[in-house]
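Here's a quick look at a few spots worth picking out in this chain. Have the sequence and the 3D view open as you read.

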Amino acid sequence: MFRFSNKTVQLKSKLFSSLARSTFFRLSSTKRSELDYKIEQFQNDVKRHLPSSGDGVVLASAFIVSDNVLVDLFHKNFPEFFSGMNILGVDTLHLFPETLDLWRRMEQRYGKRIPTFKPLGCETRQDFERIYGQAEKLSHADFDYYSKIEPFERGLQYFKKEYLITGRRADQGNARIELAIYEEAKKTLNPLAQWSWNDVLKYIDVYDVPYNRAHEYAFRSEVNIDAKERHKENLPWTKVDLKKPFWRATDVELRGTPPAKEVYVYKSFGDMHTSVPVHPHESERSGRFVRLVNTECGIHTRANHPGAPHGGVLVDLMVTDPSTRQTLISKSQNTSFDLTERQACDVELLINGGFSPLKGFMNKKEYDSVVHNMRLLELQLWGVPIVLDSNEPRQPGEHILLKYKDQPVAVLEVEESYVPDKFNEALKIYGTVSLDHPGVSDLVLNRGKYYIGGKIHGLDIPKRSDGIEYRSPAEIRKELPPHKSVVAFQCRNPIHRAHYELLLRAQKLIPNSVILVHPTCGPTQPGDIDGIVRHRTYQTLQKEVHNQSFLWAYLPYSMVMAGPREAIQHMIIRKNFGATHFIIGRDMAGTKSTITGQDFYGPFDAQEFALKHQKELGISVVPAPELVYTQEKGYLSKEEANEFGLKPLKLSGTEFRRRLLQGEEIPDWFAFPSVVNELRRTAQA
């Protein structure tokens, strides 16, 4: 895709002449050739994965050493490309002064303006605190969203990003250990993925790349100061300016005379309240987010664009290599687990990526984070916990063969077993601990005492006797027409006339769109129509309406009737299936008391809750009004009918079921004849 210009070759020649004259850092010929090899690999990766022009290419920079190396690499090796690409910088308004100074020095050194994207509506930290609150009083998830993620997404849209370049490296921590050089699904190039911290420092020194001047500070102390305390003021240490970056200093220079017992240095920089100095031998990431569970700010895990999977990458846990499959089965040959229908639905959505970015059942930390904060450990929103319940605990490291009706479908690699706090789970997820809530009743009375967390290795998709074909997110995405908005519709009941009218209205509301009709056919709650019957009504209706702008598919999901929390879950799943919009109407995922018949949630609680989180989720809510049928004007919203002074025609659910069973007439304005016939056929069977 890329070709060197003569100018580039000349610059490269001058570059290596400069290298030979370097006076501040001398490498052995072996080390020099190691760095040359890294540079050559960088050149090959850029030519292989990026377009020949820098248009639409964005380099995300936080002005840490890896990002600065990247800027220098592009400037020296691909000057024409560098001229056309954009560099995106986010000023959270909580950066170190030295970082802002480096920002300006990078612009001057490379002759390229780096536009500043700040929190929405803010120019100063005072503005941020007035609009959003003080950093230490906000949840970390909210702070990162307001200060980093939203400005970052705004920057990507401003630059009309097609390709993203990052300075992330695999050696920066567990969250990045499997980082690929090129992420095809995200069109993201990570050229330094296989570089080490030492590689980066060698490059900085050989090519005299600008660095953050706070790298020149050493903090000497006679006592060990806990990392979680090092952000505070007036600590028992002495700040010393080494006049050189710490990695060029000797141990004597770092510790002073007499030598201090402890010495700390800044190896990486983020926001002032979440970045601390560390021991020189520690990882650069050990000084970031030290008081927090997560290790990422979320720019690369929470940033969204329409149609992107949750977390950025569509997960596929199916093991296809025969040797690996056999090894997994052998490890689990003495231990198996029979899945319920509900559990089989969860396993299928884990395997096929419907639950992306999850790669298995949640461990206790993940479970607690979702229950209490509605977030995964890396702070992506998540509605309800995905857990495997059991009456017996399992040992860490154990491999369990998961079976559905004697069919091996996956191997679970156990990380831990734990006893969940079901009282808190009920209260946080369902908003009640009352056993007359069907979801709470199932949680308390039917689910096992233990939850088993661990990674899933897929062997097969569960084969069900109902014959329903469940297509994966990847399969559905291939069927979606390009350059169209995808409006998803979830339901757990047969589709009647009012539902269909909502779909037509949604399509008019969202121009250039396709409707993804995506009903749930897994278990729901006692008293609901069976999934197989619902599926048959959908198939007959699809034939009757024959709407070419509708795509029909079915979801193997087991509903928990958690109202607003489950609405978030539905949005995430449909986002993974490629949806850009999601219809939410009256009483989504709601349920009634099995004793009093009263609703547990307000009619539009789920809709309002989803609207609150839609921007961060990256999927837009299409609010559906309550529709009524009038003799004079057909279907209208309830408000429109009132404005016209029209009296709606009514048919209660109870009356509909009575007429259905008695064979009495059901008006066409209420239900489709094909759906009525299918329901009657089932009722009489």
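What follows is a short tour of two residues and one helix in a predicted model.

## Serine 66

Let's start inside a helix: serine 66 belongs to α3, which covers residues 65–77. Is serine 66 buried or exposed? Its relative accessible area comes out at 0%, so it counts as buried, the cut-off being under 20%.

As for its company, serine 66 touches Gly167, Arg169, Gln172, Leu192 and Val200, once residues up to four places away in sequence are set aside.

## Proline 306

Proline 306 sits in a loop, the one that links β9 (262–265) to α10 (322–331). This residue is exposed because its relative accessibility is 63% and the cut-off is over 50%.

Even so, proline 306 has contacts beyond its neighbours within four places in sequence: Thr580 and Gly618. If you want a distance to check in your viewer, try glycine 155: its C-alpha lies 15 Å from that of proline 306, with the two positions 151 residues apart along the chain.

## Helix α17

Now for α17, a helix of 15 residues running from 531 to 545. From first C-alpha to last it reaches 21 Å, close to the 21 Å expected at 1.5 Å a residue.

Which residues of α17 are buried? They are Gly531, Val533, Arg534, His535, Thr537, Tyr538, Leu541 and Val545. In an α-helix there are 3.6 residues a turn, so residues three or four places apart point the same way.

Right after α17 comes histidine 546, which has a positive phi, near 45 degrees.

Notes. Residues are numbered from 1 along each chain as its sequence is written. This is a predicted model: local features need pLDDT of at least 70, side-chain atom pairs count only at pLDDT 80 or more; totals for chains, interfaces and linings use all residues. Side-chain values use heavy atoms; hydrogens and water are left out. Helices (H or I, at least four residues) and strands (E, at least two) are DSSP runs, numbered from the N terminus. Buried means under 20% relative accessible area, exposed over 50%, partly exposed in between (1.4 Å probe, protein chains only). Contact means heavy atoms within 4.5 Å. The expected span of a helix is 1.5 Å times one less than its number of residues.
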